[in-house]
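Colleague: Got a minute to walk me through this one? I'd like to start with the aromatics.

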Amino acid sequence: MEVNRPYLAGHVNFLISIEPETLLDYTHAFHLKRFNVGEEFLVKKCRFAEVKAPSLRIELFKTYGRSLVGLRFLGYDIDADDYHGFVYGRLPYEAIKPDPQLRALLRSTGQRKIILTNSDRKHTIKVVERIRLFQ
């Protein structure tokens, strides 16, 4: 599906409902909400204080749209692949379950499918494979 407009009522509403809670069991979803790996990056790689990391991550996201962009704007020389590998590489992919409903919906249209994401290619492929969208 190729989308050239920012608004598609039916598909967007359906895709917005796919959140970590719908993909992961309760235990993993709770863990992800309690601890943010982006905050761990700020502490371990950028050496920010642990108490400052949560508010800084939110501020970077609000101001720049992405933490990585904000860090670069602040002068940190961060390789995007290193950042994404650190942040996404720690997620519990094994907890993501196949989504037959989403697969059926996407297969019901004869159009080409395009995935738009702000994550890196490795993360996207892992998630798509775990959900089994195109198998």
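Modeller: Sure. Keep in mind that this is a predicted model. Searching the whole structure turns up four aromatic pairs.

Colleague: How are the rings of Phe 41 and Phe 86 arranged?

Modeller: Their centres are 5.4 Å apart and the planes sit at 70°, so that pair is edge-to-face. It links distant parts of the chain, with Phe 41 in helix 4 and Phe 86 in helix 7, 45 residues apart.

Colleague: Are those two buried or exposed?

Modeller: Both Phe 41 and Phe 86 are buried. Together with Tyr 83 they form one aromatic cluster.

Colleague: And what about Phe 48 and Tyr 76?

Modeller: That pair is tilted, because the planes are at 45°, with the ring centres 5.7 Å apart. Phe 48 counts as buried at 15% relative accessibility, while Tyr 76 is partly exposed at 30%.

Colleague: Switching to the core: which residues have the most contacts inside the largest nonpolar one?

Modeller: Phe 41, Leu 42, Leu 71, Ile 78 and Val 87, in a core of 23 residues. Helix 7 gives the most to this core, with four residues.

Colleague: Last thing, how do helix 4 and helix 5 cross?

Modeller: Their axes come within 9 Å and cross at roughly 110°, so helix 4 and helix 5 are roughly perpendicular.

Colleague: Which residues meet there?

Modeller: From helix 4, Gly 38, Glu 39, Leu 42 and Val 43; from helix 5, Ala 53, Pro 54, Leu 56, Arg 57 and Leu 60. By class, that contact has six nonpolar, one polar and two charged residues.

Conventions
Residues numbered from 1 in each chain as written. Predicted model: local features only at pLDDT ≥ 70, side-chain atom pairs only at ≥ 80, totals over all residues. Heavy atoms only, no water. Axes fitted to C-alpha atoms, helices over the stretch in contact; angles between N-to-C directions. Helix = DSSP H or I, 4+ residues; strand = E, 2+ residues; numbered from the N terminus. Parallel < 35°, antiparallel > 145°, perpendicular 65-115°, else oblique. Contact = heavy atoms within 4.5 Å. Nonpolar A, V, L, I, M, F, W, Y, C, P; charged D, E, K, R; others polar. Core = buried A, V, L, I, M, F, W, Y, C linked by side-chain atoms within 4.5 Å. Buried < 20%, exposed > 50% of the residue type's maximum accessible area, 1.4 Å probe, protein only. Phe/Tyr/Trp six-rings, centres within 6.5 Å; stacked < 30°, edge-to-face > 60°.
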